[in-house]
Amino acid sequence: MSVLNSRTRRRRRRARAAVMLMLLAALVGAVAYAGDDDSTEVDLQQGDLGRHYQLYVPPGSAPAGGRPLIVALHGGLGTGAIMETQSGLDRIADSHNVVIAYPDGVGRAWNAGSCCGRPMDEHIDDVAFVRQVITDVERRTPIDHSRVYGTGFSNGAMLLHRIVCEAPDTFTAVAAVSGGVMVQDCSTRHPVPALLIQGRADKRIPWNGGTFRGTFRPSMQTVVGEFGRRNGCSNDADEIYDADGVQCHKLQKCASGDGVEWCGLQGVGHQWPGGKTYLRFLLGDNNERFSASQHIWTFFSQYRGPTSEAAPAAAGTNGKPQR
């Protein structure tokens with residue numbers, strides 16, 4: 001009887017997993033086309049791989065010196081179009097004259113180290129691809145090389161951490177939403193301004209760390225500590241925001257001038273705070289009163305890198321607060 005019960009439980013688990021996959025596939029299919037009508041579809045070639053990204057350039061002319069650029073990396077099972085809809089970053093672009101690039105991962109995933117899917121299995125070099133996207137954007141519209149920023153959600157946030165480890169000169173500053181470091185050895189000590197945003201009820205990226213689907217995800221405290229050591233910060237922190245169930249903190253006395261901030265959202269699951277909510281029953285609640293996108297732009301706008309135009313992909317070297 002116990003063997004039969006065990007087989008029955010396994011069949012039921014497989015059936016539930018199949019239903020979840022169908023629901024996720026339906027979600028992806030429903031919103032895959034949902035990018036802004038004003039976005040440009042761009043195809044690239046990375047070796048033998050055909051790659052793709054969406055580019056949103058706000059209306060009007062670019063200022064002298066070019067516009068800032070944000071590269072926004074989607075989550076697992078997502079696309080650039082989904083990230084565009086989920087984050088609402090186009091509104092930031094329109095309000096602040098910012099260019100946004102939304103790259104697509106291969107098989108709707110990114111090779112972030114020990115995650116995820118086909119890109120990880122096939123050792124796809126997504127770090128190089130993101131740098132290629134930055135270079136390609138620059139060919140299409142004037143970009144301020146001193147203000148090239150990176151953000152990402154979930155698996156995209158994991159890739160963002162890998163870029164900071166392996167190519168820390170890529171971005172002037174970064175903002176990771178609901179995704180931590182999945183690289184086993186990050187030995188670089190190159191300082192990078194960093195903002196981390198995460199729901200405290202996120203089961204996929206546990207606030208206090210833990211294993212999900214066979215891979216370990218470090219705690220927020222661990223990730224903050226690593227950035228703090230890189231940026232020469234003290235272990236002391238100031239509370240800089242406390243409203244609507246959101247608490248944000250900032251490490252003190254960062255010797256490099258590159259700040260480390262993090263925000264925890266009570267009761268929020270695996271969502272982009274203030275953005276479009278997907279599969280609430282599976283991924284958890286959102287917080288519509290706090291805009292991660294606006295908070296990210298406020299953080300980014302503090303930092304500029306070198307003004308040299310020698311290497312657009314290296315625009316983020318030694319980002320420092322604007323004076």
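This briefing covers one pocket and the two helices that help to line it. The model is predicted. The pocket is the second largest, with a volume of about 290 Å³. Helices α6 (155-166) and α7 (220-230) each supply at least two residues of its lining, and these helices also pack against each other at an angle of about 25 degrees.

**The pocket and its lining**

- The lining of the second largest pocket is made up of 17 residues.
- Closest to the centre of this pocket are Val 181, Met 182, Val 183, Cys 186 and Pro 218.
- By class, the lining holds 10 nonpolar, 4 polar and 3 charged residues.
- With 6 residues, α7 gives the most to the lining of the second largest pocket.

**How α6 and α7 are arranged**

- The axes of α6 and α7 lie 13 Å apart, and the angle at which the two helices pack is about 25 degrees.
- Because angles under 35 degrees count as roughly parallel, α6 is roughly parallel to α7.
- The crossing of α6 and α7 is left-handed.

**Where α6 and α7 meet**

- On the α6 side, the residues in the contact are His 161, Val 164 and Cys 165.
- On the α7 side, Val 223, Phe 227 and Arg 230 meet them.
- The contact of α6 with α7 divides by class into 4 nonpolar, 1 polar and 1 charged residues.

Methods
Residues numbered from 1 in each chain as written. Predicted model: local features only at pLDDT ≥ 70, side-chain atom pairs only at ≥ 80, totals over all residues. Heavy atoms only, no water. 1 Å grid on protein atoms, 1.4 Å probe; cavity = no way out; pocket = protein on both sides within 12 Å on 5 of 7 lines; lining within 4 Å. Points joined across faces, edges and corners; volume = space filled by probe spheres on them. Helix = DSSP H or I, 4+ residues; strand = E, 2+ residues; numbered from the N terminus. Nonpolar A, V, L, I, M, F, W, Y, C, P; charged D, E, K, R; others polar. Axes fitted to C-alpha atoms, helices over the stretch in contact; angles between N-to-C directions. Parallel < 35°, antiparallel > 145°, perpendicular 65-115°, else oblique. Left-handed = near helix turned anticlockwise from the far one by under 90°. Contact = heavy atoms within 4.5 Å.
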